[in-house]
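Welcome! Please take a moment to look over the sequence and the 3D view, and then we will walk through a few places together.

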Amino acid sequence: MTTWRNWSGTESATGVETLRPGSTDELAAAVKAAAAQGKKLKAVGSGHSFTGCSVPEQVMIRLDGLSAITHADRVTGLVTVGAGTGLRKLNAGLAAFDLAMANLGDIDKQTISGAISTGTHGTGARLGGLATQVVALDLVTADGSVLHCSAEENPDVFAAARVSVGALGVISSLTLQCVPAFLLRAQEMPLPLAEVLDGFDEFADGNDHFEFYWFPHTDLALTKRNNRVAPGVGPSPIGRVRGWIDDELLSNRVFELTNRIATRQQELVPRINRLASRALTAREYVDASYKVFCSERNVVFRESEYAVPREHVVDVLRRLRAWIDASGARIQFPIEVRVAAQDDIWLSTASGRDTAYIAIHQYHRLPHEPYFRAFEKIVADYDGRPHWGKLHTLTAAELRRLYPHFDDFLAARDRLDPQRVFANPYTRLVFGQ
């Protein structure tokens with residue numbers, strides 16, 4: 001029996017049985033046997049979600065034995081990979097084939113199946129989340145069947161299973177549509193927040209990948225523009241010393257120290273944020289796409305993220321800033337804003353609409369509830385959809401209104417898992433009994 005905890009310490013489970021299948025056949029047999037005994041199962045990835053979406057109640061399935069690239073075609077870009085493969089391992093493996101994922105999030109600690117199942121995304125006005133890069137998957141259902149799903153085969157399950165929060169079964173493998181490996185030119189610079197908000201559409205549409213971080217209690221935002229380089233341009237990565245200073249010393253060690261100070265002296269937060277925003281100077285470099293996309297983040301925090309129709313993101317930011325100023329709250333973590341193109345995946349947060357994402361954070365030693373509640377109330381006015389792996393309070397009744405295909409998803413779950421073998425408290429909250 002095992003005790004499991006997620007990365008942030010928000011969820012845990014004690015006394016659960018652990019299964020480690022080494023193949024799809026072993027996984028299917030393990031699922032069938034446990035289900036026949038009336039046990040509840042959950043596949044667990046890296047535990048990087050803040051919600052209870054992957055908390056096991058009785059049986060925890062670890063997919064470490066399904067964590068390799070099993071097929072890669074340089075010509076078509078189609079790559080089949082085990083569901084338990086970590087993104088860091090996957091990125092390095094793709095690079096060995098001179099391939100890459102078209103878009104990534106800003107960390108690489110998740111497994112590929114966990115990342116797609118919770119709707120993980122990067123940023124890019126013409127690009128979707130990670131699940132949009134999946135062209136096929138194998139799903140082990142409660143009776144031990146293995147369904148191969150794609151746009152042509154079991155298309156309804158495919159529409160549901162790419163972002164399923166683990167409620168339909170256990171993904172054993174995925175086929176990704178990858179692209180030839182490419183370099184990105186990263187341009188990072190602080191700009192006045194007013195300039196970023198006024199020109200948000202131009203920034204988002206004028207770059208392959210655009211995002212910004214606003215430091216509460218300041219008038220500055222750190223902007224990040226990542227664009228593919230012209231043919232013939234080679235890599236010019238950031239220097240080792242500068243990279244260590246910016247990405248390890250300042251972004252992790254010093255940031256951890258200032259957050260600890262803030263837990264004892266909240267009145268210093270505005271001054272700390274002003275110093276932090278001024279300490280971030282402009283930099284530009286060219287490197288492999290996955291090295292530009294992904295950063296190391298070791299400071300433990302709590303996070304809530306909502307997706308809103310892109311045309312409303314500036315209004316949300318302005319209202320959130322007004323609440324912070326009026327409430328007297330002291331918020332040290334920056335607020336992150338990204339964009340994505342609409343897609344057709346039933347439970348994707350960008351389903352059917354061009355989307356902007358607003359992510360708010362709080363240091364794990366400080367209370368986050370009042371801040372997160374206020375944020376949730378603001379985004380509710382704009383039909384905000386919560387990230388499935390980040391903190392929120394919405395239930396099935398509220399989520400049904402936000403997703404046109406919500407009942408289609410529930411019908412698929414009724415068909416694939418009528419006994420709710422893959423249910424846990426979180427899925428009962430967001431999908432009902």
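## An enclosed strand to begin with

Let us start with strand β15, which covers residues 283–288. Please keep in mind from the outset that this model is predicted. Five of the six residues of β15 are buried, so the strand is largely enclosed by the rest of the structure.

Strand β12, made of residues 183–192, pairs with β15. The two strands are antiparallel, and six bridges join them. If you would like one contact to look for, find Leu183, whose bridge partner in β15 is Ala288.

## Strand β18 and its neighbours

Next comes strand β18, residues 355–363. Nine of its nine residues are buried, so β18 is largely enclosed by the rest of the structure. In a regular strand, side chains alternate between the two faces of the sheet. Both faces of β18 are covered. On one side sit Thr355, Tyr357, Ala359, His361 and Tyr363, and on the other Ala356, Ile358, Ile360 and Gln362, all of them buried.

Which strands pair with β18? One is β16, which runs antiparallel to β18 and is joined to it by nine bridges. Within this pairing, Val308 has Ala356 of β18 as its bridge partner. Another is β17, also antiparallel to β18, with five bridges between them. Here Glu336 stands opposite Ala359 in β18.

## Salt bridges out of sight

Glu336 also has a part to play in another kind of contact. Side chains of opposite charge can pair when their charged atoms come close. The side chain of Glu336 meets that of Arg338 in a salt bridge, at 3.4 Å from N to O. Are these two residues buried or exposed? Arg338 has a relative accessible area of 4%, so it is buried. Glu336, at 1% relative accessibility, counts as buried too, because buried means under 20%.

Glu336 and Arg338 belong to a network of salt bridges. The other members of that network are Asp106, Arg297, Glu303, Glu305 and Lys390.

## Salt bridges that link distant parts

The model's salt bridges come to a count of 26. One of them joins Arg88 and Glu296, with their closest N and O atoms 2.9 Å apart. This pair links distant parts of the chain, 208 residues apart: Arg88 is in helix α2, and Glu296 is in the loop between α9 (289–293) and β16. Arg88 counts as partly exposed at 45% relative accessibility, and Glu296 counts as partly exposed at 32%.

A salt bridge also forms between the side chains of Asp208 and Arg126, at 3.5 Å from N to O. Asp208 lies in the loop between α6 (200–205) and β13 (209–214), while Arg126 lies in the loop between α3 and β8 (134–140), so the pair ties together parts that are 82 residues apart in sequence. Asp208 is partly exposed, its relative accessible area being 25%. Arg126, on the other hand, counts as exposed at 53%.

## A look at helix α2

Helix α2, the home of Arg88, spans residues 87–96 and also contains Ala95. With a relative accessible area of 33%, Ala95 is partly exposed. To get a sense of distance, try finding Ala95 and His405 in the 3D view: they are 310 residues apart along the chain, and their C-alpha atoms are separated by 36 Å.

## A pocket and a cavity

Now for the spaces in the model. The second largest pocket has a volume of about 750 Å³. It is lined by 48 residues, and the closest to its centre are Ser49, Gln110, Gly114, Ala115 and Thr118. The elements that give two or more residues to this lining are β3 (41–44), α3 (112–117), β10 (170–177), β16 (301–309) and β17 (335–340). By class, the lining of this pocket holds 15 nonpolar, 22 polar and 11 charged residues.

How many cavities of 30 Å³ or more are there? The count comes to one. The largest cavity has a volume of about 80 Å³. Of the 16 residues that line this cavity, Gly119, Thr120, Gly129, Asp343 and Ser348 are the closest to its centre. Its lining divides into seven nonpolar residues, eight polar and one charged.

Methods. Residues are numbered from 1 along each chain as its sequence is written. This is a predicted model: local features need pLDDT of at least 70, side-chain atom pairs count only at pLDDT 80 or more; totals for chains, interfaces and linings use all residues. Side-chain values use heavy atoms; hydrogens and water are left out. Helices (H or I, at least four residues) and strands (E, at least two) are DSSP runs, numbered from the N terminus. Buried means under 20% relative accessible area, exposed over 50%, partly exposed in between (1.4 Å probe, protein chains only). Two strands pair if DSSP finds at least two bridges between them. On a 1 Å grid over the protein atoms alone, a cavity is a set of points where a 1.4 Å probe fits but cannot get out, and a pocket is an open set with protein on both sides within 12 Å along at least five of seven lines; lining residues have an atom within 4 Å of a point. Grid points are joined across faces, edges and corners, and a volume is the space filled by probe spheres set on the points. Ala, Val, Leu, Ile, Met, Phe, Trp, Tyr, Cys and Pro count as nonpolar, Asp, Glu, Lys and Arg as charged, and the others, Gly among them, as polar. A salt bridge is a side-chain nitrogen of Lys or Arg within 4 Å of a carboxyl oxygen of Asp or Glu.
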